[in-house]
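Visitor: I am new to this structure and would like to learn how its labels are earned. Could you show it to me and take my questions?

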Amino acid sequence: MHISRWPKPANDLQYLGVRCRKCRKPILFAIDRNGGEASPTMPRKLVLTCFQAECGHQADYTDAKLSRFRKNHNASQETK
Ligand SMILES: [Zn+2]
């Protein structure tokens with residue numbers, strides 16, 4: 001049985017994310033499939049929980065500014 005896998009290695013993909021309001025670490029929540037050319041379709045309400053085990057802060061990021069990150073490098077490195 002063939003299971004289709006993730007289309008490509010995530011090397012060159014950009015991820016959309018926000019900065020945690022508490023620890024300022026990036027919280028990645030979506031792959032930017034448009035390569036930054038078009039605005040992503042945002043959910044009406046965006047509540048995210050910080051991935052950092054020691055933080056775990058949950059907040060509403062609906063109005064937060066989105067940043068783009070590349071996951072394979074330093075995740076804190078933003079690409080504009
Ligand atoms: Zn955090």
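Guide: Gladly! Helices and strands here are DSSP runs, a strand being E over at least two residues, and they are numbered from the N terminus. Read that way, the protein follows the pattern β-β-β-β-β-β along its sequence. Please keep in mind that this is a predicted model.

Visitor: How many helices and strands are there in the protein?

Guide: There are 0 helices and 6 strands.

Visitor: What makes strand 1 and strand 2 a pair?

Guide: Two strands pair if DSSP finds at least two bridges between them. Strand 1 and strand 2 are joined by 6 bridges in the antiparallel sense, so they meet that cut-off. In this pairing, R19 stands opposite P26 of strand 2. The two strands form a hairpin, with 6 residues between them.

Visitor: Which sense do strand 1 and strand 5 run in, parallel or antiparallel?

Guide: They run antiparallel, joined by 4 bridges, with strand 5 covering residues 67-70. Here Q14 stands opposite R70 of strand 5.

Visitor: Why is Q14 called buried or exposed?

Guide: The cut-off for buried is 20 or more other C-beta atoms within 10 Å. Q14, which lies in strand 1, has 20 such neighbours, so Q14 counts as buried. Q14 and I31 are 17 residues apart in sequence, yet their C-alpha atoms are 6.0 Å apart in space.

Visitor: And R24, why is that residue called buried or exposed?

Guide: A residue is exposed if that count is 12 or fewer. R24 has 10 C-beta neighbours inside 10 Å, so R24 counts as exposed. You will find R24 in the loop between strand 1 (14-19) and strand 2 (26-32).

Visitor: What is the phi of R24?

Guide: R24 has a positive phi of about 70°, although it is not a glycine. Most residues other than glycine have a negative phi.

Visitor: Which residues make up the largest nonpolar core?

Guide: The 5 residues are V18, C20, I27, C50 and Y61. The name calls for buried residues of certain kinds, Val, Cys, Ile and Tyr among them, joined through C-beta atoms within 7 Å.

Visitor: What does I27 touch, leaving out residues up to four places away in sequence?

Guide: I27 touches G17, V18, C20, L48, C50 and F51. Contact here asks for C-beta atoms within 7 Å.

Visitor: How much of the protein is buried?

Guide: Buried residues make up 14% of its 80 residues. As for contacts between residues at least 6 apart in sequence, 49% join residues at least 24 apart.

Notes:
Residues numbered from 1 in each chain as written. Predicted model: local features only at pLDDT ≥ 70, side-chain atom pairs only at ≥ 80, totals over all residues. Contact = placed C-beta atoms within 7 Å.
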